[in-house]
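Visitor: I would like a close look at a single helix and at what packs around it. Could you take me through it slowly, and then outward to its surroundings?

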Amino acid sequence: MTASLLTVASWAVLLLLFTGFVSLLLHRRQGLMITVCFSIACVASALAIFAGFYSVSSGSTSQVIIAVGLPDLPFHLRLDPLAGFFMTVVGLLSLIVSVYSFGYVRHISAKRPVTRLVIFYALFLAGMLMVVLADDALFFLISWEVMAAASYFLVMFEDERVENRRAALLYMVVAHVGAIAILLSFGIMSGLATGFEGFHGYTFDAMRQAQFPPQWATAAFLLAFFGFGAKAGIIPLHVWLPEAHPVAPSNISALMSGVMLKTAIYGMVRVAFDLIRTFPWWWGALVLIVGLLSAVMGVLFALMQNDLKRLLAYSSVENIGIILIGIGLAMIFTSFQMPLLAGLALIAGLYHVLNHAMFKGLLFMGAGAVIHATHERNMERMGGLIHVLPWTSALFLVGCVSISGLPPFNGFASEWLTFQAFLLSPSLPSPLMKLLIPMGAALLALTAALSAACFVKAFGITFLGHWRGPHNPHIHEVNLPMRLGMIMAAILCLVLGILPTIMIDWMDKVPEQLVGTSIGQTAGAFGWMWLTPVAREHASYSGPIVFLVILSVIVVAWLLLHVRKGSIRRVPLWDCGFEKVTVRMQYTSTSFAMPIRRIFGFMFTIREQVRLDPRAAHRLFPGTIHYYLRVRDRFQVWLYRPLITASFRISRLVGRLQQGRIQAYLIYSFVTIIILLMFMR
Amino acid sequence: MNVYPFITEILQILLVLAISPAFVGWVRALKCWSQGRTTAGMLQPYRDIMKLFAKDVFLAENASWIFRFTPYLVFGTAVLAGGIIPMLSVDLPLSATADVIVLVALFAIARFFTTLAGMDIGTAFGGMGSSREMTIASLSEPAMLMAIFTISLAARSTSLSQIVQVIYSGQSVLRPSMAFAFLAFVLISLAETGRIPVDNPATHLELTMIHEAMILEYSGRHLALIEWAGMMKLTLFMALGAALFFPWGIDNSGSAAGAFLSLVFLLLKLAAGGVVLVLIETGLAKMRLFRLTEFLGSAFLMATLGMLSFFILE
């Protein structure tokens, strides 16, 4: 059974790789290619879900060695509960997005050939599945690069625009800086596992058996945290996210934000809990602090955006932060030998991984539908779409409510668990930790409240009010497959929110594998309706009852009040007796965020200018007013600008060596050989 | 199976529905007296609600389903919250469905939809109210949770009935941390329920209104539901404060006499709470929007001090 699960998972990967060839064969018949290839992708995703789901629920581990790759360095594959969990997440969202893509890619294919998109889509999915299956450093890095390269080409898909090419390049640079760090980290671990003579240290099994000296373990962890953090988009390595996500096709953004970032979380968990295993508390504290920083700053940056997809990209930074808070707490608890609490925190983090995949996938798909319908990315020129896009708006709203952490949807369930994990920190033996960790809970509360503000803005400006654009385009609802994909994600958001106990019971094998305990005994002790993470006296939450009570009160109130028929009258908007209300009087995205921009202004680099038209007759009666506002990351100004200038300066200096004359190059080699002979005797 | 807690539960929800307009009437009457005006009587809120229910709804032409759905949702969450906070008895069936964090989130979901409804029509007022409301909420929510965490650290639980029982059993009487948390809670309650100095429930002056700006376009039964839910929210925050900091009198035994006694205590506490609220409101002026950061910042500071003193002193 267990070995066959790994076979199923490998079949999913092979099917996806095979899809690439199919799409080449069907290049001339784009419509057929889309149908065939995304059908195969759906089947492959379903297989991945099956394999992942059962490997978690059975709690079993299976390994296989494939004799491909370099001689004497075969690939190792392994499916354990941790890999199975992430495989389920990847499979779930790729199934949903593949359904959505039937409709979405068909729209794109009306304008341009989509063969490239389909090939790299399949490769991208295959790469993500391979990353979680990999059980040696070599195969892991190859899969990691397949995933990164495929997503690079997907970001580049509309490569006639300069901004797309720039974003893709930035993404590639950050991905590779990260990949180098991961490579070095694996290098340290594999070197210490077998000594630098043998080659067999590259398997994860060898690393699991090794004992690392503390300083080397720290170096390996920090490198891995940096490398995976660059992929996950932690602050301050997040710069590529808001550039790459908006320019990619929306189904790709959904996958990149929903699951690709999660493979980086997978990498961190794998390295910390599975490969290194024992660590000091400050590693956890570092992860926690970085998580808190990413969460708060991510959501603040998100609030300042006017581009719908950039807003969602920054909000991914925030959610990665929330996930890292859970992981960091789990690491702290583990290092103090408190497995039960570590299990709870880990479950909270991992549950948020699953939840974020669902609602962020939904939101990016919704944003794709909006952008397809309006040909507009700037929220300042949208509005009133709820009347023309009834399905999209309702589904997008589900995503907004979920991501804002409101009951009874799924975002709340995982944030609630994270709060509970925070509240258990006073049982830590260290007084400093006791004191500081509850402050983290306050920051998490700030994040949750700000993200609600952010998504009120995103939904309210985009879908409510009146159309703000210059002209009124003909907008119509998106096609059936796109709606179907979003409906699937929305249903999952609700189900994961009201039945967290069942999901936690299923996920429980992951902490059992990693920290040696399970919380299912207590979390589901009172049946599927009650979530009681530690004990019923401590805290309990019942999603289904909250949902049903609110629902029934709404129904009762509505029925009671609609006994009298025809009592609603539609009238024009009350304009306070002045002139006609115009759409330009509405609040905009910029004005909605203004109070928060002013309060948290110290976090941004803001340039604001108001210029009056100099041709006006009198300065008190200006004809036109120009308003200029630019809000930027401090990190871009403080960290990246100097970095970029420095690297240009160094390149220019090094460039002087390049004379273009063969005599000069001969001297260089001669001098190099002399120096080497002197030092390397 | 014991049906008694379920009866208490239903009674309590009905009680909250019934007395919240009277409580608001009491606060308004006190305010009138303290400012030397004539009152409309404690029963005026009932008459207002009845009048609004009887009226037709005028809906703007471009109002979407969100605008019509919001009043019911806001009302629904208020009713659910009324079933969670222990008032008549500690042993409530709904109390276990939600702890304090869920309670805060319930108010947050009502606020989420109210702000959306404010933006639905597309007027400047609606957007202004929504923007300000979310700004204030994002500052007050961390402070609120810090205050709650301080209490739940002492009680080792976030479940409301558990907190009440712990305080009841005398394990945490007159702790310094509780005093700080209480001060923070008072400041936050003023912000959350939209009272002076944060918001003025009696104003329709464009530059100062926040909550009223969002619901400006409502009429008829929609407005009645929102107004009623707002009255319930004020009552519930009073009851929450009473349950967290002054739980004495809440029935612990599960008898009818105990429930009656806790009803008497509840009414007394609400009456006293109304006096305090009016003293605060009469003594203070409404603050400018950007002064609120200091106000809510000090609430956060109080809560943090409470937490520090819990670890250092206790």
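Guide: What covers the buried residues of α21(A) includes α15 (410–423), α17 (480–498) and α18 (500–507) of chain A, together with α3 and α4 of chain B. This is a predicted model, and helix α21 of chain A is the stretch of residues 543–561 in it. Helix α21(A) has 19 residues and reaches 27 Å from its first C-alpha to its last, which is close to the 27 Å expected at 1.5 Å a residue. Its buried residues are A:Gly543, A:Val546, A:Val549, A:Ile550 and A:Val553. Seen down the axis of α21(A), these buried residues fall within an arc of 150 degrees, so they line one face of the helix. The face turned away from that buried side carries the exposed residues A:Val555 and A:Leu559.

One of the covering elements, α17(A), deserves a look of its own. Helix α17(A) has 19 residues and reaches 27 Å from its first C-alpha to its last, close to the 27 Å expected at 1.5 Å a residue. Among the residues buried in α17(A) are A:Met486, A:Ala489, A:Ala490 and A:Cys493. The cover over the buried residues of α17(A) includes α21 of chain A, along with α3 (81–109), α13, α14 (390–403), α15 and α18 of that chain.

From α17(A) we can move on to α13(A), by way of A:Leu362. Leaving aside neighbours within four places in sequence, A:Leu362 is in contact with A:Met486, A:Ala489, A:Ala490 and A:Cys493, and also with A:Leu395, A:Val398 and A:Gly399. In the largest nonpolar core, which has 361 residues, A:Leu362 is listed among those with the most contacts inside it, together with A:Ala9, A:Leu129, B:Ala184 and B:Ala303. The largest share of this core, 22 residues, comes from helix α13 (residues 339–374) of chain A.

Since chain B also helps to cover α21(A), the meeting of the two chains comes next. In total, 64 residues of chain B are in contact with 63 residues of chain A. On the side of chain B that touches chain A, the elements giving two or more residues are β1 (57–60), α3 (65–84), α4 (100–120), α5 (124–155), α9 (220–245) and α11 (292–313) of chain B. The largest share of that side, 17 residues, comes from α5(B). By class, the side of chain B that touches chain A has 37 nonpolar, 19 polar and eight charged residues.

The strand β1(B) also pairs across the chains, for four bridges join it to strand β3 (residues 568–571) of chain A, and the two run parallel. Within this pairing, A:Val571 has B:Ala60 as its bridge partner in β1(B).

A last residue to visit in chain B is B:Ser219, which lies in the loop between α8 (211–214) and α9 of that chain. B:Ser219 is buried, with 20 other C-beta atoms within 10 Å. Not counting residues up to four places away in sequence, B:Ser219 touches B:Lys55, B:Val57 and B:Phe58. The C-alpha atoms of B:Ser219 and B:Val57 are separated by 5.4 Å, although these residues are 162 residues apart along the chain.

Technical notes:
Residues numbered from 1 in each chain as written. Chains lettered and ligands numbered in written order. Predicted model: local features only at pLDDT ≥ 70, side-chain atom pairs only at ≥ 80, totals over all residues. Core = buried A, V, L, I, M, F, W, Y, C linked by C-beta atoms within 7 Å. Buried ≥ 20, exposed ≤ 12 C-beta atoms within 10 Å, placed from the backbone. Contact = placed C-beta atoms within 7 Å. Nonpolar A, V, L, I, M, F, W, Y, C, P; charged D, E, K, R; others polar. Pairing = 2+ DSSP bridges. Expected span 1.5 Å × (residues − 1). Arc of directions from axis to C-beta.
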